[in-house]
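Thanks for coming. I will go through one structure today, starting with the annotated domain, then the sheets, then the helix packing.

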Amino acid sequence: MADESWRLPNSVQQLAATVQEPPSRYLLREHEGLDGHLAGAELPEQIPTIDLGLLSASNDAEEATKLRSALQSWGFFKVSNHGMETSMLDSVMTATREFFHLPLEEKKKCSNLIDGKHFQVEGYGNDQVKTQDQILDWSDRLHLRIEPEGGRNLAHWPTHPKSFRDDLHKYALKCKRIKGDILRAIAKLLELDEDSLVNQFNSNARTYSRFNYFPPCPRPDLVLGVKPHADFSVLTVLLMDKDVAGLQYLRDGTWYNVPAVCNHTLLINIGFAMEIMTNGIFTGPVHRVVTNADKERISVAMFYGVDPDHEIGPIAHLLRDEQPARYRKMKAKDLLVAQLDHFSQDRGAQIADGMNL
């Protein structure tokens, strides 16, 4: 039987503690990592910050204009006045860090490998390795289904730290409200019925949380924490590390650094499913995570997707004779498979090319 041990990467956290140089499977190809390619540029302007309280409660025209500008220029923005207490954000990040600092055997109780060798998305570990020449990310993750709530697989939800499950449940409820407020605001920008985007989510719509751990890396000039990609989701809510930067967004061929801030920040970006629904009026931004030579970094992403059997396509009310459909319709589950295959094989960031009519 052929040796397929390459499909089972080691814990990067454990690897970082034992090696002086990253293994070759993590190194970017020569043309991708030289001459400061990973350093990134400073943002030409501050990240737009949307006051969600004003936007959702009073239909504030200034906030709506800021939101439209953010979506058209970057595809992401920060939110303030979102009703999430700082103490709650602190608790989520503390619980996340404590989980990743547990002994490896304790974390493996939540493993994403069935019988130690068969990959599944949910659980603790690494992303799927499909080919022997696939460049691996310098990160570990815990991936959990949040919705439908009845579909939660609690076998993968950590019991240590003890606050983890309760913190995540409360945080998910708050994020769901934020998602609804943002989707209604975007619908208004597009002159659609206020609930037209919210109604894309039926009782079987999927929400996943992803807890990311990026250990220090001895070669941040040659290794990525997460390779370039655009989120598949309709919307992503990202809780950022307040001390260590690493997130970069691509615009017009240049990678821009998203700076760390002194308090925990919620960053929102739209995904590829939203790009298709809006017929390309708003596009899902390509982003990646770089590594740090000295410091660990954590983040928590909440991904909001539709029912896997839901057919994703441009919303009819956005189509005109002069603006016909740019994307073909496809079931969400088929689109997700295509996206995962696309990015795992390092084909670049333009999966939309395969969806164009």
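A word on terms before the composition: helices here are DSSP runs of H or I with at least four residues, strands are DSSP runs of E with at least two, and both are numbered from the N terminus. What you see is a predicted model.

First, the annotation. An unreviewed UniProt entry places the feature "domain: Fe2OG dioxygenase" at residues 200-306. Across residues 200-306 the chain is 42% strand and 6% helix. The C-alpha atoms at the two ends of that range are 7 Å apart.

Now the sheets. One is an open sheet of 8 strands with mixed pairing, in the order E2-E3-E13-E10-E15-E8-E7-E6. Its edge strands are E2, residues 49-51, and E6, residues 123-125, each of which pairs on one side only. From one strand to the next the twist averages 25°. At the E6 edge, 3 bridges join E6 to E7, residues 140-147, and the two run antiparallel. Gly-123 has His-143 in E7 as its bridge partner.

There is also an open sheet of 5 strands, again with mixed pairing, and its order is E1-E12-E11-E14-E9. Here the edge strands are E1, at 41-42, and E9, at 224-229, each pairing on one side only. E9 is joined to E14, residues 287-290, by 3 bridges, and they run antiparallel. His-229 stands opposite His-287 of E14.

Moving inward, E11, residues 247-251, is antiparallel to E14, with 3 bridges between them. E11 also runs antiparallel to E12, residues 254-257, and there the count is 4 bridges. Gln-248 shows both pairings: it stands opposite Arg-288 in E14 and opposite Asn-257 in E12. What do E11 and E12 form together? They form a hairpin with 2 residues between the strands, and Asp-252 in the turn has a positive phi of about 50°.

Next, the helices that lie on the 8-stranded sheet. H7 lies across E3, E7, E8, E10, E13 and E15, running at about 55° to E15. H4, residues 61-73, lies across E2, E3 and E13, and runs at about 145° to E2.

How do H4 and H7 sit relative to each other? Their axes come within 10 Å and cross at roughly 90°. Angles from 65 to 115 degrees count as roughly perpendicular, and H4 and H7 are therefore roughly perpendicular to each other. On the H4 side the contact is made by Ala-64, Leu-67, Arg-68 and Leu-71, and on the H7 side by Ala-185, Ile-186 and Leu-189. By class, that contact has 6 nonpolar residues, no polar ones and 1 charged.

H7, residues 164-189, also packs with H5, residues 86-100: the axes come within 10 Å and cross at roughly 135°. H5 and H7 are therefore oblique to each other. The crossing of H5 over H7 is left-handed. From H5, the residues in contact are Met-88, Leu-89, Ser-91, Val-92, Ala-95 and Phe-99; they meet Phe-164, Asp-167, Lys-170, Tyr-171 and Lys-174 of H7. This contact divides into 7 nonpolar, 1 polar and 3 charged residues.

To recap, H7 crosses H4 at roughly 90° and H5 at roughly 135°, and lies across strands including E3 and E13. I will take questions now.

Terms used: Residues numbered from 1 in each chain as written. Predicted model: local features only at pLDDT ≥ 70, side-chain atom pairs only at ≥ 80, totals over all residues. Heavy atoms only, no water. Axes fitted to C-alpha atoms, helices over the stretch in contact; angles between N-to-C directions. Parallel < 35°, antiparallel > 145°, perpendicular 65-115°, else oblique. Left-handed = near helix turned anticlockwise from the far one by under 90°. Contact = heavy atoms within 4.5 Å. Nonpolar A, V, L, I, M, F, W, Y, C, P; charged D, E, K, R; others polar. UniProt positions renumbered as here; feature names shortened; annotations may be inferred. Pairing = 2+ DSSP bridges.
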